[in-house]
Each structure stands twice: as structure tokens, then as C-alpha cells.
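Here are my notes on this one, as promised. Have the model open while you read; the points go from the sheet to the cavities.

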Amino acid sequence: MRRYLVGGAVRDRLLGRPVVDHDHVVVGATPQEMLAQGFRPVGKDFPVFLHPDTGEEYALARTERKTGHGYHGFAFHADPGVTLEEDLARRDLTINAIAQDESGALVDPFDGQRDIDARVLRHVSPAFVEDPVRLLRVARFAARFAPLGFRVAEETMALMRTMVADGEVDHLVPERVWAETRRALAEPQPPTFLRVLREAGALAVLFPEVDALYGVPQRPEYHPEVDTGVHLELVLDMAARLAPGDDLVGFCALCHDLGKACTPADVLPSHIGHEHAGVAPLRALAARLKVPAEHAALAELVCREHLNAHRALELKPATVLRLLTRLDALRRPQRLETFLVVCEADKRGRLGRAEAAYPQAGFLRATRDAAASVNAAEFVARGLTGPAIGEAMDKARVAAIATVPKPAAG
């Protein structure tokens, strides 16, 4: 029985990055031998065990054979005769196919160290095309490692295009698409995820609502970058900068301008009403990918209300209160925070505007605090009951909002 550290732990150590998960492969062992040493079984499709002391995962070396379409279309084979090289050969990228033995020596049959040095994401073998999830994983890894200079190898991109052309990505289940997307939106450079998918032809298949934004013009006085798809990438970049690792912010940013793809050609480059037009494609995307309810709900609020946030300094106090109410900001202040981060990312995610001020955020936070300071108890003490309490509170909240000083527009 020989044990090896594999995958991300080895890769990240070589990159000088923090190691989060320690996954291991065991060669030359049976499930019975693992159980005899105190390992706890957890695998359903193939033998995976938890170490009795550390709780880390140990999987028996295995091979896999394509039996059908999609992520579940594989048959796995694990026995003591499966070699380490055979196990590593089934992995997606060479940088993830490096093992380290118990003495610290590296086993690197597919030159993963070379690709780490060259900053290249390269597939291990032609079997890469058999699992469509790998296409999403490559795009996600590209978003993670873009700051380090990584790029997708041309031959790997060619295989990804083949997977799209052959319809393999059509068999991706929504849960896996969302899981990879959610993780990608929390990576340092989410726009790279979109760019890789788009270059492979997969963005139009998996996210047609997003793909449709590319090539749609905007008014250059507001959007010097002009192209709505480019604007989206800038907004995602800014969102990752303002809220690192926050996939909720990332998803709201991804969907905030979907309505611009619905603008009739004869009125371009204006997009009057795009904030309302974006609700239908957003709902379609969220339903198709089975997006969590809070992600979908807040993304819809951002879609509908982001222009009101930009105009906050021009709104009447009563209109501001209605905005806060629609956001449920008085009861759930964190919702307002997420909303404002996305709106700021939208305003600053424009060519040459990355360092622009966004005083609307501070103003809306102050109005929220002013409105929240109004307490029902004082109106009850005055003898008010029922709907009269709510009416009096709204009136007092509007008055409180009116006292908040307005900063100079950014």
C-alpha cells in the first residue's frame, strides 16, 4: 500500500499558494485493507475513505471508462493493480496530475511542473473530451490563475470547441453548471471564465442571455467601452475587486444588464427601460440553472433598481423610502450592502472610470439608518392603532430621510 498526495494540494504548493484541501490516492490497497486500518468509507460511486485521525480524503487508485453522455456517463474501476500513473491519467489538467509520495518526491508523468512554469492550462489526454464538466473547470481555473499569467493551451481550447460542436456540453446538468459558475464568480478574475467559455463556443449554449450582450452598443458618453459585453466584463472585474470571493455579488453583477440584449435595433445605442426588460431573461437563466432563491431574488432587485441607485441623489425622500422598502433594507441591511456594492461596480466598471467616486452608496446607507431610527413605540404611545401606525411611521421616515445631507455627485 502506497499513499500519495495529489491534485490541488501539490499544484498549489508548487505555485506558492495556500493549500486548503489535502486529497490522497492509495495504490495497491483493497477496501477491506483500508477499513482494517480504521479508514471510514464515504464514496458512493467509487471507494473513497476518510483518515481516522485527520479526516482527509483517501481514494483508491482508479481508472474510468466512458459509457454515456455527461458527467455521470462513466464506469469506474478500482483494484490493487491500478497504477498511480493510470489514476493520474484520468485527471483533467496536467497541473492537477502531479503526485507527491510520503518522502516528498514528486511523480509527474504528464509534465505538470513544466506547465506550471510556463503558466499553461493543458489537458492530460484526449479523454478530456469525455467529461463536459471539464470545460467549465478549465474556464474556472483560468479565472483563478489569470492573475498569475496562466492561459489555456491552444490544443486544449481546440478540444473544448470540439466538445461544444459535438453537443457534449448539452448534457451538462444544471446543478453542475451552477456549481462551477458559482465558484468561478468567486475567483479573482471572473471575466476570464466568460472569455474562455465564449472562445470555446460554450457561452452561447450555457448562458445565451449573457452571450447576447456581446456586440450590443451603448451610448459612448456613458459607456466609453461601448460594447455591452465588454462593460459586463469590467463590472465583474470591479465586483471581484470590491467584494473578493463573494459569488452573490458576482451573480448580481453578471445579470444586472441582461435587458440590453433585448433593446430593439432601431433605438440603439439607447437602452431606455433595459432594467425592466432584463427581468425575463434573468428569471429564465435562474430557473434553468436552479440558482438559489436569494441569488435570484437579489439579482432581480439589482436588475430593476440599479438605475435608481445611480440617481439616488436626485430622488425625492419618499422615492428613496420606496426604494429601501423594495430592497427590504430596513429589516435586512446586508441586502442593501450587497446591492450597493454591485451598483458601485456597475458605475465604475466602465472604460477609464475605475477610480470614480460613488457617493450614492454612502448616501443610501445614511438614509437607511435615518429611516430605521424611526420606532413604532412612540406612535403607539400616542394612541395610534392599526394602519395608522404604519402611515405615521412612513411619514416620519420620509422626514428623517429628508434631513440626510446630499454629497456632491460623483
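**Notes on the sheet and the cavities**

1. R3 sits across from V26 of β2. That is one spot in the pairing of β1 with β2, an antiparallel arrangement with five bridges. Keep in mind throughout that this is a predicted model.

2. On to β2 itself, which covers residues 23-27. Four of its five residues are buried, so the rest of the structure largely encloses this strand. β2 also pairs with β5 (residues 57-60), this time in the parallel sense, and the count there is four bridges. If you want a landmark for that pairing, look at H24, which stands opposite Y58 in β5.

3. Now zoom out. What is the strand order in the sheet? Reading across, you get β3-β4-β5-β2-β1-β8-β9, seven strands in an open sheet with mixed pairing. The edges are β3 (40-41) and β9 (106-107), each of which has a pairing partner on one side only.

4. At the β9 end, β8 and β9 run antiparallel and are joined by two bridges. A99 faces V107 of β9. Helix α1 (residues 8-15) packs on the sheet here, with β1 (2-6), β8 and β9 as the strands it touches. The direction of α1 makes about 55° with that of β1.

5. Q100 deserves a look of its own. You'll find Q100 in strand β8, which spans residues 99-101. Is Q100 buried or exposed? Its relative accessible area is 16%, and the cut-off for buried is under 20%, so Q100 counts as buried. Setting aside neighbours within four places in sequence, Q100 has contacts with R3, Y4, L5, V10, R13, A105 and L106. R3 is the residue from point 1 that stands opposite V26, so it turns up in the contact list of Q100 too, going by the cut-off of heavy atoms within 4.5 Å.

6. Next, the empty space. How many cavities of 30 Å³ or more does the structure hold? There are two. The largest has about 50 Å³ of space, and its lining consists of L185, P190, L236, A239, A240, A243, P244, G245, D246, V249 and G250. Two elements, α11 (228-242) and α12 (247-255), each give two or more residues to that lining. α11 gives the most, with three residues. By class, the lining has eight nonpolar residues, two polar and one charged.

7. The second largest cavity comes in at about 40 Å³. Around it you'll see T181, L185, P190, F193, L194, F207, L236 and L254. Here the elements giving two or more residues are α7 (174-185) and α8 (190-200), and α8 has the largest share, at three residues. Seven of the lining residues are nonpolar and one is polar, with no charged residue.

8. One last thing to check on screen: which residues line both cavities? L185, P190 and L236 appear in the lining of the largest cavity, and L185, P190 and L236 also appear in the lining of the second largest. If you colour the two linings by class, the one charged residue belongs to the largest cavity, while the second largest has none.

Definitions and conventions:
Residues are numbered from 1 along each chain as its sequence is written. This is a predicted model: local features need pLDDT of at least 70, side-chain atom pairs count only at pLDDT 80 or more; totals for chains, interfaces and linings use all residues. Side-chain values use heavy atoms; hydrogens and water are left out. Buried means under 20% relative accessible area, exposed over 50%, partly exposed in between (1.4 Å probe, protein chains only). On a 1 Å grid over the protein atoms alone, a cavity is a set of points where a 1.4 Å probe fits but cannot get out, and a pocket is an open set with protein on both sides within 12 Å along at least five of seven lines; lining residues have an atom within 4 Å of a point. Grid points are joined across faces, edges and corners, and a volume is the space filled by probe spheres set on the points. Ala, Val, Leu, Ile, Met, Phe, Trp, Tyr, Cys and Pro count as nonpolar, Asp, Glu, Lys and Arg as charged, and the others, Gly among them, as polar. Two strands pair if DSSP finds at least two bridges between them. Axes are lines fitted to C-alpha atoms, for helices over the stretch in contact, and angles run from 0 to 180 degrees between N-to-C directions.
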